[in-house]
Structure formats: structure tokens, C-alpha cells
Amino acid sequence: MKNIAVAPRWLPYSSIPTGLNIRPLFRLFSLLIILFTPYLLLAQNAPHPSFRQYTTDDGLASPEVFHILQDPEGFIWISTDNGVSRFDGYGFRNYGLKDGLRENVIFEMQLDTLGRLWMQAMSGNLYYLNGQTICPYWNNEVLLNFKNRPDTGKGFIVEGAGETVHIATLKYGILSIANDGATTSYQHKEPAYSQMFENKGKSIYALFDHGEPERVQAYKDSLHLQNLYFPVYMYINDAVWSFHDLFYASDKFYNAEAFFLGEGKYFFQMYHNLWLIEDGKVSWRHNFPFRILYAHLMQNGQLFVGLYGHQGLKIFESLETFREGAAFSCLPGKSVNYFMEDREGGKWLATHEDGVFYAPAEAIMVYDREAGLPDEKITAIATKSEKEVYIGLENGQVWSLNPETETWKKLPEIPDLGAIQSLYFDPQNQQLWAGRFNLFYWQDDQWIPRPIPKEEVPLIKANRIRGSPNYKRLWLYHYKGFMSMEPTLNQFANRYKYFDHRIFAVQEDFTGRVWIGQSNGLFEWKDGALQERQSLHPAFSLRVEDIALMPDSTLVIATKGGGVVFWKDGQFDQITTKEGLTADMLECLYADENGVLWAGTLNGLNRITGTWGQRQVEQITVFHGLPSNEINFIKTYGEDVWVATSKGLAHFLNKKKSHFFPKPILASVLANNQVLDLTKPLAMGPDKNNLTINFFAINYKMNGEIPYRYRMDSGNWTQTLNRSLNFSELSPGTRCFEVQAQNEDGIWSESTFLGFVIKPPWWSSWWARILAVVIALLAGLGVYLFRTRQLKEAHQIQLQITGLERSALQAQMNPHFIFNCLNSIQNFILQNEKEAAILYLGSFASLVRSMLNASVSGKILLVEEVKLLNNYLELEQLRFKSRFTYEVRTDGNVDVFEVEIPPLLVQPYVENALLHGISGRKTGGRVVVVFEKKEDYLEVSIEDNGTGGMPENGQTPKTKNHKSFGMSITRNRLELLSNNKEKKAVNTKTLYDANGQISGTKVIIRIALREVFIK
């Protein structure tokens, strides 16, 4: 442990005289203060803010709370005996063992220059929050060097980011620990003393009694005999101040404590004695019969003092009024450990047993049972002046309030039944009227009934009392009727009684016209009768709950279901929930002298301002501090607004709208359920286009009921109460998400933006598009070139086919064939076989004609091909004197009347079978032609039983005497038509008998099906 040299003590002059002869006089003076000075800390029926309480039922880690602070992002951090809680206005996130916090009881918290949260456990050990993980202070082990230290943390101060840490103890005083673990203590010659250490606006308080036990005890005993406390040393900046003569005048024991008030001011409390120390001097000493847990001067100059022993919170208007005892209490029955003012001016109070209490800035003050009223339901209000306000309660009592002194006076009981239905103060005659069951007025400090002759009584009781604009008449109305009364003349008039429809409102305007609101709409009282006025506006046929008269003579009608309607000179302006009204079902209206309309509903209060077509609605609800949204009556006087609710009387000043609202915070962004790192630019692939965006805004006034609006890529706004949005299948490109939050006054915050990029798929990128265009162009060029070449080749093939067909015709119709046929005919004639000659000549003519037709046509039916072959074989059979037989047949799978084939493909091979296959036989020759359909081609087989024919390689045999041009031409045609290069278009096979001798030849022709035409 390292010691530091102590600066020379500067002992300032104290306003409390010292000296043994004078000290008893001060003791006597202090005793007289205790006995005879009334300590009026709480004025009777003092109001309080409408607090919102958070406990374990709301998610708080524990109801025993020690400290509260707000971080730079606006989160509220709360230390408890069960870990630390973070609050965002919606819920609590609790930190404990699973997050790295090794000890549950956390007394104090602080932020370092990096914005990290530091916390001190009961043992004195420190922890800090790094991201979402709690880490132990790297020098916690240094504290182990200080043995027998009481297991109670007294506070700490972090300099920078932990470079130096100052820790307060109850045995070793103030300990300053450097980053490397080097320790500094601040020791003095006395064996026991107190220390207050201030650094950069923070203060801690410690005790030192680490010496020889006998010497320490003897020193304590000597001080006790003199009613003196330990010397107090204060370390403020570079100065050291000391106080050695703080004596006390009470034997009630509890530990001394010091409280940093701010601006160089300290409270030092010992027993019931309290010292104010300013700038190193004791300014005054005061007897204070409460133990302070925390004290601080707020930004508005008020002094807040949290008390031990369920004494609540004392609020003093200033430090100067503290000794006068003029204060009011909040949270009676609670022990207030700590309080804090957030950046919006809201107050946060930590209690020892009941969690956290919150009151918004410019809080609405509430008078209820906690403030001393016997009944919370306020039913009527009347104002006499800014110093005198009357309220009626549901229990039948009437109270008067002086708002300046916060003093209440209960008026005598009204000798009647039921709740106070109405209060009205007549400024013309300075008369207070009350309607309970009957009508009463206040005079000579008593309630006097106002009897009404029975024959003139249309009412059972006076529900409402309303004065005329000129204050000459009172209008008394009840659901069964109404009447007017002139108080000065004691006369009743305008009597009306009706049982079918209830009456809810009566209002006389500046011209003397009287308007009546009933359950079936708006009426005018004229010439002693009700005149219907429902047709003037659609809302006027609804139930009219109240009617108000504006200073400019505008009449305002409050309806059940249609909101409020402003009406003047035939001009109407209807305000509903679409314009921001809290509800379309109205309860009451009040028009103040400044032209502001106050509209009460069961969903809160509405302040309506503006002119025709430009009226604006400001909502005031429990979010703003109203004790209840159920509004019974409204009254203003000057800038003061009084609101009767079912949970107390609310009072506030007519205020302007709040335009402050922090913009929303992006909590997380998920792409396809994967969390994205928001600290980096967001660029997602095309398969990561399903986004979930989570966000929230911090506005503790609104208690988690914050409206939001959002849009994508500067589109139209969409409103929602959700804090999580899903966007599925977002299109590629640079996108921008924008979200705003709305505050309690309807003002939208600045936008929070989330920019991100969804990459297009590779085939949609610019380079892919360029590549696709290039490929398409190249492919188009390739197709064009290929098709051009294909057309050219087809043209050449067609030319070849045409030439071959011409050659085939010429080949088939060769002179040798013609000569043979004519020779046969001549032979028949010479032998006088006229019939045979005629038959042969007819067949020859038919054959020639068929061949000519086939050679001209590009295709013929298979039946025609078969007929041509039969005709040809028949003619050859006649010429060869029936030396052979023939057969031409088709397979059953082939439809000869549907299939078309190129002409003159088979005939040359049949001719070859006759000339080269059986020409050497005198009898018994045979030729068989068969057409069959195979897989993807038409197969034609020509089989003969001759002793010789074409070689098996399919080539035409060349002899000295004959050269077959028809065979070679036909084979070329078949190869051109073939689409299968692996299978030959013509195959020739030599047939053998059982003895191995040649028995014939078989030629197989294959014609591709794409060339076999189907009609």
C-alpha cells in the first residue's frame, strides 16, 4: 500500500464557535429546536406527481433497488440485490451470473469515458460491461491485500476508462488504484476519521479506523465524552479541507454519512445533526429527525431528500427553504435509496422494498388519497380565484384548496344524499352553488338549501348547474328536465319536463338562444317548446353529451360517437379520432377564455386549438401523468388547468407541445434469420433478401405505447405499433429503410435510416447482361451462318436429287429396255398372239406413264409405288415367258394410303434382281419385295433366288456388256436422304442353301422416316 503526502491542512473559519465554555449553550439551543420548533415537512394534502411503478411483475430483477443511471443511448440501468436491469421503456433485460456478473448485490454504478457501465458489488469488487458481457475489474485482487475489510461497498469513482479507480471503504478510507495495481491511501495522524473524496462532479465517503484496536477505541471514547464526531477530511480537486469540531446534540445512533449536493455543497449527517458544508466551510447546522439515504439538488433548484425507514421522499423548493421545513412528501411508506433525473427531466426513484418509481418531466400534480383526500373520484370543480378552488367528491363532500399554500379546507357536510353532481361559482354575485340531490348555496360558512315550489319542480335533483353568458340566469338540468333561475329575483322560468328522452346538456349562447342536448340529438328551446335541429349536421342526430360556448360565439357540440362539432354561422368543423381525438365518445367540454377547447373522454383529455379547418388536437393522458383517463370535469383559471378524474384531481399549467423525441434505435437486422453486423456496410447476396428489422424508441412517458411510421426507398409512410418488421423477397439494388417515432404530443422524431444493398444474381449483373448480349449476338450469327450453310447444302442436295431423278428416269427408260419390250411385242405379233401383244402393249404404256408421273413428282403414295412395281414385274413376267413369279407386299404397320416416299427408289433394285438374279434361269425364278416399318426408318427388302447378283458390298457389278447407271444413281439418292451415318442406306446379302451353295440375293434399302412423308 502506497502512502501519499498530505497537503497542508487549511482550517477555514467555521460559523459554529468552538470553545469549552460556549459549547453547552449550543447543546441547549439544539435541544430547544428539537422540542419547540414544529417540523412541518409535509403540508396537509400536498399533491404528488403521478408515479409509474416498476416491480418484478414488470420484469425488474428485484424490488430492492440501490442505484439508477441513464447511459448515452438513453437506456435506464438499475442496480438491485439480484443483479442489474436495463430498461428501454418496453421491458427489462436482466444481467447476472450467465452474463459474467459473479456477485448479485450491486450497490452503485457509473459510466467511464468510453460509455461502459461500471458497477460495484457489496464486497467492494468492481465489474464493467463490455458489449453484452460483464467483466471483472482487472485489479479486484488488489482489494484482497486489505484484510478484515467490512463486506460493504461504499462507492467508487472511475477516471477515464479505468486508468485510475477510487474506492471508498469502511476501514481503510479512500483507496486510489492505478491501472497497474499501485495503490494510494490518504492517511492522517488521528487513529480514526472520515474522508470525503470528490473528482469530476462525483463524491464518495469513507471511514478510516485501521490502527491498533486499543488506541482506536480509546480515541472513540474520548470523542464520545465530548459529543464530538471523528475529524472529517475533504479532498476536493487539489485542496484538502478538514473539520475537527463537529459536535452532536442527540444520542440517537446511526452511522454518519456525507452527501454531495453539487456546486461545492455537501450535507454531512450524524445522528439527528445535519451540517451544510459549502466551499470548505460549515454554513449551518440543523436538526433533522430523519435518516437520509440520499440527497441532491436537482436541475430546477429543488432539493430532493430520500429517507430511511419508510419515510418516503421530501421535496424542498430550494436549499434555503430546507431549514424552514416547507416541503411536501412523495411515496409515503417507502424507503427512497436514490433518485435520478433523466435527460428529458423525468424523475426516477429507487426504493428499498418496492422497486422503481417514475414521474415524467413537468409532471402533472395529483391530489388523491395519498395526498390526503378522503375520496379519489372527483365529480365537480369550481374556481373562485387563483387562490381558491372548490372540488366535489363522490362521497358528497366539498373541499376548498389554496393552490399557493397547498392547504385544504373541508366545507361542512351538505344535508343531502348522493355524490356532488355539480359545483358552480357565480362571479357576478360571488356565490357558490352546489347540486347534490337538491340545490344548495354557500353563505355564512354553511350550506343553505334553495327550495323550489313543488308546482314548479320539473326535477328530482340538480345534476348540472350552468350560468348564462351574462351571469343573470342559472340553468339547472337533470336527465328528466330543465329550468332557469334568476338568483337575485328568486324566480324560475323555462320549465320543461319530459321522460321519453334524457337531457344531458343545456347551454345559452350570447344571443339568448338556448340549446338542449338529448339522447336523440340536438334541440333548441324556443317559445316554450323544443325545436329539432338534428338536420343541421349528421352528428346532431347522435346523443349530445355536452355543449360549450366559445368566446367568439362558436357553439361546440359533444356527441357520443361523432366526436365534437364546431358550429358558427352555418359553418361546421367536425373533430374525431381521425384528427387525433382520444375517442369519439365524449364525456364533457370546457371552453376557456383563451379560445382553447378542452374535451374529456374515457380515453383521456384533449386540448383543441386553432381556427376553422386548421384545428389541432393535443392529447393528454396517463402517458403525460394523468392519474386516470376517465375525465369527469374540466376547469381552467388563468394558466392553471384542473381536471376531475376517477382517481384524483389533476393540476397542471397550460403548456406547449414537446417537440423533443429521440429517433428510433435499430436493435437488430436479420437476413434470412441470420443476424447482421450493423457496424459494417450491409451488402447481401440475392439469396439473402428476406429481412427482419427490429427497432425501438426510448420514451418512458409513453409506457411502451409508441406509434411508429416507416417506409422503404422514400415511398409512402406506413404506421404501426410493432417494433419488428418483415420484408420478404426484396428486389436487388441499393435500398433505404426509414423509420420515425411519435411522442406523446403527436410530434414525429427525426428519421433513423438503414441503408443496405441486395446484390443481383450473377445472371442479372451488368457484366452478365453484356456477356449474354454478346453470346446472343454470336449465337444468332452462328445460327444465321449455320442456317445459311444448311439451306445452301439442302439446295445443292435438291439439285443433285433432281438431277439424279432425271438420270434415273433416263436410266430406267433406256433404249435397251424399250428395245426389249418392242421386240417382245413384235414377237407376239409374228406368232399371231394378238391378245398377248395387245395386253403387253397396254401394260407397257401404263408403266411408261407411271414412271413419267413419278419422275416429275417429288413424292408418291406407297400404294402407287407398289402398283408401279407390280405393273413393271407383270410386264417383265410377260417378256420372260413366265420364267419367274413375283410378290410385292407391305407390313401391317404401314398404311399405304397415308405414307408417301420419294419415287423410283425401289425399281432399279427390282430390275437388277430380274436381270442379274434370275435371268439365267429357264423356270422357277422368284422375286419378293416387302415394305416394313422399323424404329426410325422404312425398310424395303428385294429378294430373289437367282444364282448371282450384286456383290455383298453393295457395289454394282461391272461386266463387259452392261453398266448399271440406275443402280449407282439410286444408291447416291438413298445416301443423300439417309440421316443415319452409322447404318448403310443399301445393304446386299448373298443367300446360301443347306449345302452351302448360293441360293439367291437379298437387298435391303432403308429410307429415313423424316423422308417418309405422312399426309
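Two strands count as paired if DSSP finds at least two bridges between them, and I kept that rule in mind while reading this model, which is predicted.

**Entry: a four-stranded sheet**

I looked up an open sheet of four strands and found the order 52-53-54-55, with antiparallel pairing. Its edge strands are strand 52 (586-591) and strand 55 (616-620), each of which pairs on one side only. On average, and with direction ignored, neighbouring strands of this sheet are turned by 20° against each other. I then followed strand 54 (residues 604-609), which is antiparallel to strand 55 and pairs with it over five bridges; within strand 55, Glu-618 is the residue that stands opposite Arg-607.

**Entry: strand 62 and its partners**

Next I turned to strand 62 (residues 691-696), which is mostly covered, six of its six residues being buried. In a regular strand the side chains alternate between the two faces of the sheet. Here I noted Leu-691, Ile-693 and Phe-695 pointing one way, with Thr-692, Asn-694 and Phe-696 pointing the other way, and all of them buried. Strand 59 (residues 665-671) runs antiparallel to strand 62 and is joined to it by six bridges, with Ser-668 standing opposite Asn-694. Strand 65 (residues 724-727) is also antiparallel to strand 62, through four bridges, and there Phe-727 is the bridge partner of Leu-691.

**Entry: helix 6**

Which span should the 18 residues of helix 6 have at 1.5 Å a residue? I found that helix 6 (residues 862-879) should span 26 Å, and its end C-alpha atoms are 26 Å apart, so the two values agree. The buried residues of helix 6 include Leu-862, Val-866, Leu-869, Tyr-872 and Leu-873, and also Glu-865, Asn-871 and Arg-879. Just after helix 6, I noted that Lys-881 takes a positive phi of about 55°.

**Entry: nonpolar cores**

The largest nonpolar core holds 69 residues, and those that touch the most other members are Ile-68, Trp-77, Met-119, Trp-348, Phe-737 and Phe-756. I looked more carefully at Trp-348, whose contacts, leaving aside residues up to four places away in sequence, include Tyr-54, Phe-87, Asp-342, Val-356 and Tyr-700. Apart from the largest core lies another, of 43 residues, among them Phe-844, Val-906, Leu-938 and Ile-1005.

**Entry: cysteines**

Last, I asked how many disulfides the model has. With the cut-off for a pair of cysteine sulfur atoms set within 2.5 Å, the count comes to zero. I also checked two cysteines for exposure: Cys-330 counts as buried because its relative accessibility is 0%, whereas Cys-736 is partly exposed, with a relative accessible area of 29%.

How values were computed
Residues numbered from 1 in each chain as written. Predicted model: local features only at pLDDT ≥ 70, side-chain atom pairs only at ≥ 80, totals over all residues. Heavy atoms only, no water. Helix = DSSP H or I, 4+ residues; strand = E, 2+ residues; numbered from the N terminus. Axes fitted to C-alpha atoms, helices over the stretch in contact; angles between N-to-C directions. Buried < 20%, exposed > 50% of the residue type's maximum accessible area, 1.4 Å probe, protein only. Expected span 1.5 Å × (residues − 1). Core = buried A, V, L, I, M, F, W, Y, C linked by side-chain atoms within 4.5 Å. Contact = heavy atoms within 4.5 Å.
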